[in-house]
Amino acid sequence: MKRNLLLVSMVFKYLAIVAFSCLLAVGISHRLAAAQQPASTTRVASAGEQLAYASSGVFAVETSLVVWRDVSRARDVPVKLYYPPIDATVATPTKFPVVLF
């Protein structure tokens, strides 16, 4: 009789641990799902807005076509550089950020 009572007690403890673990996993998964959803302020730009973004800006831009040589692969890499025009009247050249794709 004592043995059966001990066995029942162990089974209930095991079931309690399993139930708690399941509840914890569900709570964590709901928090992760809520964190991965986009914010309510996020919106997709319309086609008109996307075209406006691609149009020319107010600043002048110069381009230069260059071929860089990748010696380790024995390959030419064509590069098109976009940069602001260089002003010869300025004594100290201005620094600009570099963005590589």
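Glu62 of β1 has a partner across the way: its bridge partner is Tyr83 in β2. That pairing belongs to a bigger picture, in which β1 and β2 run antiparallel and are joined by nine bridges. Keep in mind that this is a predicted model.

So what sits between the two strands? β1 covers residues 62–70 and β2 covers 75–83, and Ala74 lies in the loop between them. The hairpin has four residues between its strands. Ala74 has a little quirk: its phi is near 50 degrees, which is a positive value in a residue other than glycine.

Now for the helix. Tyr14 has its place in helix α1, which spans residues 2–36. Tyr14 also helps make a nonpolar surface patch of about 680 Å², together with Leu7, Val8, Val11, Phe12, Leu15 and Val18.

Past the hairpin, Leu100 is found in the segment after β2. Leu100 and Leu81 are 19 residues apart along the chain, and their C-alpha atoms are separated by 9.5 Å.

Are Ala74, Tyr14 and Leu100 buried or exposed? Here are their values:

| Residue | Relative accessible area |
|---|---|
| Ala74 | 54% |
| Tyr14 | 55% |
| Leu100 | 70% |

A residue counts as exposed when its relative accessible area is over 50%. Ala74 is therefore exposed, at 54%. Tyr14 counts as exposed because its relative accessibility is 55%, and Leu100 counts as exposed because its value is 70%.

Note on methods: Residues are numbered from 1 along each chain as its sequence is written. This is a predicted model: local features need pLDDT of at least 70, side-chain atom pairs count only at pLDDT 80 or more; totals for chains, interfaces and linings use all residues. Side-chain values use heavy atoms; hydrogens and water are left out. Buried means under 20% relative accessible area, exposed over 50%, partly exposed in between (1.4 Å probe, protein chains only). Patches are made of residues with over 30% relative accessible area and no salt bridge: like charges are joined within 9 Å, nonpolar side chains (Val, Leu, Ile, Met, Phe, Trp, Tyr) within 5 Å. Accessible areas come from the Shrake-Rupley method with a 1.4 Å probe; for residues, only the protein chains shown count as cover. A salt bridge is a side-chain nitrogen of Lys or Arg within 4 Å of a carboxyl oxygen of Asp or Glu. Two strands pair if DSSP finds at least two bridges between them.
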